[in-house]
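This report describes the nonpolar cores, one open sheet and one buried serine of the structure shown below.

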Amino acid sequence: MSNRTTLSVGAAQFASVIGDIDAGIALHLDWIAQGRAAGLDLLVLPELSLNGHHGTECLLETAMSRKDSRLQKLAEAAGPMALTLGFIEEGPAAQFYNSSAILRDGKLVHLHRKVNIPNYGKLEEGKHYASGRFVETWALDENWRAGLLICADVWNPALTHLAFQHGATMLICPVSSGIEAVGAEFDNPGGWALTCRFYAMIYGAPVIMVNRTGTERDLTFWGGSRIVDPFGRELAVAGEGEELITATLDYDQLRRARHQLPTVRDSNIALVHNETARLLGTLGVPDFLRD
């Protein structure tokens with residue numbers, strides 16, 4: 001493993017094709033070619049990039065194993081560039097997951113199954129997907145370790161905290177955020193801008209968030225992908241249309257940010273563990289039983 005100080009990263013936002021995996025593969029090969037031409041070390045594509053947000057309409061026809069030959073084809077095309085993409089994964093015993101994978105050098109090197117499955121507003125993922133059970137990280141090299149979380153996972157601060165406790169030095173967030181998804185009073189674009197800057201500043205680590213574009217059924221996807229540095233400053237922000245944004249991440253900057261604000265160092269994981277165990281014994285138990 002090399003020990004790179006800087007990392008060239010990109011986020012590609014686009015509209016997926018519902019139910020047509022072959023068309024999705026072609027789109028991905030084009031973005032891979034653009035990423036490699038730009039000399040990227042890491043390219044991140046949106047949540048469910050191969051299937052579309054409403055890919056569950058043809059879930060049984062388009063779900064694939066993580067060992068599927070079509071993913072292998074994309075992994076080979078990615079070459080030394082790490083590629084993060086999203087797909088409907090069929091796991092053992094016909095269990096289906098909203099998954100994101102990292103592909104590099106002809107292999108699937110990391111997989112995350114979405115843990116927080118939203119069932120609110122216009123989001124009904126719980127009808128289709130099982131929930132993931134792990135938060136893991138993956139090392140691009142000795143400096144850069146990616147925490148990969150999918151959309152609503154990032155709205156559970158405990159999951160983000162776990163990723164950084166596992167040693168992440170960057171947060172990758174593929175999302176599928178529609179303006180109308182939660183409700184008229186909820187500002188999704190503003191919320192994501194704030195959330196990305198917040199996590200970057202709190203944990204002293206860059207954040208790469210990539211959204212989709214276009215309209216699918218009753219949802220309007222607003223793009224707005226962004227790359228944020230360890231001090232919470234936006235290095236690149238996309239508009240509403242199809243676009244590839246890029247930036248260079250600097251590990252020395254991360255070191256300075258974490259020295260000035262040592263959130264990860266000062267996290268009392270033993271206290272969190274003990275208090276969580278204590279809470280599990282009382283949460284939801286009526287007062288008259290606890291007393």
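The largest nonpolar core comprises 47 residues, and those with the most contacts inside it are L42, W144, M170, W192, V207 and I208. A nonpolar core is a set of buried Ala, Val, Leu, Ile, Met, Phe, Trp, Tyr and Cys residues joined through side-chain atoms within 4.5 Å; buried means under 20% relative accessible area with a 1.4 Å probe, protein chains only. Helix α5 contributes the largest share of this core, five residues. A second, separate core of 21 residues includes L40, M64, A75 and L83.

The model is predicted: local features need pLDDT of at least 70, side-chain atom pairs count only at pLDDT 80 or more, and totals for chains, interfaces and linings use all residues. Residues are numbered from 1 along each chain as its sequence is written, and side-chain values use heavy atoms, without hydrogens and water.

Six strands form an open sheet with mixed pairing, in the order β5-β4-β3-β2-β1-β16. Its edge strands, each pairing on one side only, are listed here.

| Edge strand | Residues |
|---|---|
| β5 | 107-113 |
| β16 | 243-250 |

Strands β1 (residues 6-13) and β16 pair in the antiparallel sense over eight bridges; two strands pair if DSSP finds at least two bridges between them. The bridge partner of V9 in β16 is A247.

S176 lies in the loop between β10 (170-174) and α5 (188-203). With a relative accessible area of 4%, S176 is buried. Its side chain makes a polar contact of 3.2 Å with that of R212, the term denoting a pair of N or O atoms within 3.5 Å, where within protein one must be able to donate a hydrogen and the other to accept it, and residues adjacent in sequence count only if both atoms are side-chain atoms.

Definitions and conventions: Helix = DSSP H or I, 4+ residues; strand = E, 2+ residues; numbered from the N terminus. Buried < 20%, exposed > 50% of the residue type's maximum accessible area, 1.4 Å probe, protein only.
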